[in-house]
Amino acid sequence: MEVPTPKFLLYTFSFIFFVQLSVLSATEPSSRNGFTVDLIPRDSPLSPSYNPSETRFDRLQKAFRRSVALAQNFQANGVSTNAVESSLISNRGAYLMNISLGTPPVKMLGIADTGSDLIWRQCQPCVDCYEQVEPIFDPRKSKTYKTLKCDGKACGYLGAQATCGANQTCGYSYSYGDGSHTYGDLAIDTLKVGTATVPKVIFGCGHDNAGSFDGNGSGLIGLGGGPLSMISQLRPLIGGRFSYCLVPIGTDATVASKMNFGRRGIVSGAGVVKTSIAERDPKTFFYLTLESISVGNKKLAYKGFVKSPLEATDEGNIIIDSGTTLTLLPADFYSVLESSVADAIGGERFSDPRNVFGPCYRSMEGLTIPTITVHFSGGDVVLKPLNTFVQVDERLFCFSMIPATDLAIYGNLAQMNFLVGYDLNSRKVSFKPTDCTKY
């Protein structure tokens with residue numbers, strides 16, 4: 001029975017992409033063929049965030065709480081173009097990525113987050129900076145650092161998050177749903193990621209950063225779809241193509257998940273399923289169209305939220321997000337799905353003491369786990385038990401989809417052991433069943 005165990009559960013993550021307006025003129029030749037970077041599970045022994053005193057279940061519950069907090073923040077704040085960043089929680093990402101900024105390059109280990117756009121890092125001089133393991137970046141020591149002006153195009157992309165100083169320097173002001181914040185200057189500098197070196201990449205140089213940020217990282221790497229994300233800024237180099245392959249929970253800690261850019265990000269071959277990315281606001285998110293979910297041979301037509309920013313159209317009714325662990329579905333639709341899953345499994349159900357999951361079981365031995373198929377517009381994604389059930393404590397296995405009030409999200413447990421590719425030119429997302437431990 002291929003059911004995930006929480007041994008290294010918190011290998012869940014979020015990504016971020018950065019947008020750049022200038023010509024990519026200083027990339028290494030090898031980067032033209034694409035490049036690959038490791039995604040470091042935030043709570044694994046490979047991460048500086050790893051706490052050996054925590055049990056595997058402590059780390060597991062942290063990932064679940066981040067998913068639930070995300071849903072609660074959207075419920076409280078809604079989804080709008082101007083409020084999208086403030087509705088996110090600051091510490092939600094489960095994967096880290098290494099990049100460098102500056103000349104000479106200064107390493108940055110940041111949360112990779114597909115649910116936001118702006119790349120930012122802590123910078124000297126600090127008005128208020130949280131403690132971090134790495135030295136705080138001093139832009140005065142970088143030969144290629146330059147702040148941006150208020151009347152520039154890049155500053156306009158910040159929208160309501162833009163500020164303007166007395167010297168006409170463009171600033172940014174982000175306040176997150178959990179009370180954390182980062183304020184600083186919008187600037188450009190040279191970025192190094194993988195084998196690529198890219199000049200004049202836009203980022204936030206944060207001089208006032210406080211709240212629940214993890215001191216083992218030095219900022220956030222935005223991998224969303226908006227104009228200030230890393231993906232958007234690297235577009236001339238990578239052709240709008242990237243992919244990732246997430247190793248399942250329980251995988252040996254020395255096996256990293258991978259993220260690919262450019263030609264290496266192309267997903268092709270037998271078994272590939274494609275669906276369209278819908279055009280919706282805010283541009284940060286990647287919206288897919290969910291038509292139904294099948295439990296075995298029983299197909300359940302998808303029903304959206306009664307009152308939701310996404311209810312105006314059937315197109316683009318769910319967000320795909322690598323940074324959210326669980327899959328969040330409208331409560332009414334989830335109730336029907338849960339009942340269908342429980343009926344197909346049979347066996348004695350047990351309650352989740354934290355009131356997050358259902359249905360749950362003491363053991364998966366002897367139970368028949370139904371095949372669950374997610375029917376997106378244009379393609380069907382067949383999930384395995386490792387995508388749909390997770391062990392949440394010593395004696396409890398639970399369904400990994402939960403009800404939500406305002407926002408539907410296709411989370412990363414459902415994406416594990418798939419090569420998931422994004423082509424922003426054709427506006428397609430591809431899924432290919434893959435053993436990500438061997439990819």
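**Exercise 1. Confidence**

State the mean pLDDT of the chain and locate stretches where the pLDDT is below 50.

*Solution.* The model is predicted. Its chain has a mean pLDDT of 84, and 80% of the residues reach 70 or more. One stretch with pLDDT below 50 covers residues 1-26; in the model it has 173 contacts beyond near neighbours in sequence. Residues 74-92 are also below 50, and this stretch has 67 contacts beyond near neighbours in sequence.

**Exercise 2. Ser100**

Decide whether Ser100 is buried or exposed, and list what it touches.

*Solution.* Step one is to place the residue: Ser100 belongs to strand E2, residues 95-101. Next comes accessibility. Buried means under 20% relative accessible area. Ser100 is at 15%, so it counts as buried. Last, leaving aside residues up to four places away in sequence, Ser100 touches Pro105, Val106, Lys107, Met108, Thr190, Leu191 and Lys192.

**Exercise 3. An open sheet**

Give the strand order of the sheet that holds E19, E22 and E23, and identify its edge strands.

*Solution.* The 3 strands run in the order E19-E23-E22, with antiparallel pairing, and the sheet is open. Strands E19 (360-361) and E22 (389-393) each pair on one side only, which makes them the edge strands. E22 pairs with strand E23 (residues 396-399) over 4 bridges, in the antiparallel sense. Within this pairing, Gln391 stands opposite Phe397 of E23. Helix H5, residues 331-345, lies across E19, E22 and E23 and runs at about 130° to E23.

**Exercise 4. Aromatic pairs**

Classify the pairs Phe35–Phe261 and Phe418–Phe431 by geometry, and say which parts of the chain they link.

*Solution.* The structure holds 19 aromatic pairs. Phe35 and Phe261 have ring centres 4.9 Å apart and planes at 20°, a stacked pair. Phe35 is in strand E1 (residues 35-41) and Phe261 in strand E12 (residues 257-261); they are 226 residues apart, so the pair links distant parts of the chain. Both rings belong to buried residues: Phe35 has a relative accessible area of 1%, and Phe261 has 0%.

Phe418 and Phe431 are edge-to-face, at 6.4 Å centre to centre with 90° between the planes. Because Phe418 lies in strand E26 (residues 418-423) and Phe431 in strand E27 (residues 428-433), this pair ties together parts 13 residues apart in sequence. Phe418 is buried at 5% relative accessible area, and Phe431 is buried at 2%.

**Exercise 5. Other ring arrangements**

Name the members of the aromatic cluster that includes Tyr244, and find the residue over the face of Phe350.

*Solution.* Tyr244 forms one aromatic cluster with Phe242, Phe286 and Tyr422. Over the face of Phe350 lies Arg362, at 4.5 Å from the ring centre.

Key: Residues numbered from 1 in each chain as written. Predicted model: local features only at pLDDT ≥ 70, side-chain atom pairs only at ≥ 80, totals over all residues. Heavy atoms only, no water. Helix = DSSP H or I, 4+ residues; strand = E, 2+ residues; numbered from the N terminus. Buried < 20%, exposed > 50% of the residue type's maximum accessible area, 1.4 Å probe, protein only. Contact = heavy atoms within 4.5 Å. Pairing = 2+ DSSP bridges. Axes fitted to C-alpha atoms, helices over the stretch in contact; angles between N-to-C directions. pLDDT = per-residue confidence, 0-100. Phe/Tyr/Trp six-rings, centres within 6.5 Å; stacked < 30°, edge-to-face > 60°. Lys NZ or Arg CZ within 6 Å of the ring centre and 35° of its normal.
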